[in-house]
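Biologist: I am new to this structure and would love a close look at a single part of it. Please pick one spot, stay with it for a while, and then show me what lies around it.

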Amino acid sequence: MRLELGYEPEGLVERAGDALNMVDRQARADLDKFNEFIESRGLETGAWRGDVPGAVGSGGGVGDLAG
């Protein structure tokens with residue numbers, strides 16, 4: 001798993017958190033929780049039927065990207 005997260009710490013508290021690597025640890029913990037949630041579901045719901053603006057094949061339903 002890979003996540004690139006960019007930010008500029010502002011103020012003393014954010015710079016201190018950055019020095020202690022707090023953002024990295026929080027992001028990793030949140031991704032681990034999300035991964036555990038997704039994997040605990042067992043099966044896909046298939047519920048989302050939206051479009052991704054600008055995506056190849058955007059503008060239709062399920063199967064548009066299957067080619």
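Modeller: Let us begin with a term we will need: a residue is called exposed when its relative accessible area is over 50%, buried when that area is under 20%, and partly exposed in between. Please also keep in mind that what you see is a predicted model.

With that in hand, I suggest we stay with R28 and its partner. R28 has a relative accessible area of 52%, so it counts as exposed. Its side chain meets that of D24 in a salt bridge, with 4.0 Å from N to O. Side chains of opposite charge can pair when their charged atoms come close. D24 has a relative accessibility of 35%, and therefore it is partly exposed. Why are these two about one helical turn apart? R28 and D24 are separated by about one turn because they sit four residues apart in helix α2, which covers residues 22–40. A search through the whole structure finds one salt bridge, and the pair in front of you is R28 with D24.

Now a step along the chain to V23, which also belongs to helix α2. V23 has a relative accessible area of 30%, so it is classed as partly exposed. Once neighbours within four places in sequence are set aside, V23 touches L5 and Y7. Those three residues appear again on the surface: L3, L5, Y7 and V23 make a nonpolar patch of about 350 Å². Of these, L3 comes from the segment before α1, whereas V23 comes from α2. For another sense of distance, V23 and P9 are 14 residues apart along the chain, and their C-alpha atoms are 10.0 Å apart.

Just before this helix there is a detail in the backbone. N21 lies in the loop that joins α1 and α2, and its phi is positive, at about 65 degrees, although N21 is not a glycine. With 40% relative accessibility, N21 falls between the two cut-offs and is therefore partly exposed.

Going back further, we reach a group of negative charges. E8, E10, E14 and D18 gather in a negative patch on the surface. E8 sits in the segment before α1, the helix of residues 11–19, and its relative accessibility of 66% is why E8 counts as exposed. E14 is in helix α1 itself; at 40% relative accessibility, E14 is partly exposed, because that value lies between the cut-offs. Beyond its neighbours within four places in sequence, E14 is in contact with E8 and P9. So much for E14; another member of the patch, D18, is 10 residues from E8 in sequence, and the two are 9.2 Å apart from C-alpha to C-alpha.

Finally, let us step back to see where these places belong. The chain has two helices and zero strands. Of its 67 residues, 3% count as buried. Its accessible surface is about 6200 Å², and carbon and sulfur atoms contribute 55% of that. If you want a path to follow by eye, start at the R28 and D24 salt bridge, move to V23 in α2, look at N21 in the loop between the helices, and end at the negative patch, where E8, E10, E14 and D18 gather.

Technical notes
Residues are numbered from 1 along each chain as its sequence is written. This is a predicted model: local features need pLDDT of at least 70, side-chain atom pairs count only at pLDDT 80 or more; totals for chains, interfaces and linings use all residues. Side-chain values use heavy atoms; hydrogens and water are left out. Patches are made of residues with over 30% relative accessible area and no salt bridge: like charges are joined within 9 Å, nonpolar side chains (Val, Leu, Ile, Met, Phe, Trp, Tyr) within 5 Å. Accessible areas come from the Shrake-Rupley method with a 1.4 Å probe; for residues, only the protein chains shown count as cover. Lys and Arg count as positive and Asp and Glu as negative; His and the chain ends are not counted. The place of a charge is taken as NZ of Lys, CZ of Arg, CG of Asp or CD of Glu. Buried means under 20% relative accessible area, exposed over 50%, partly exposed in between (1.4 Å probe, protein chains only). Contact means heavy atoms within 4.5 Å.
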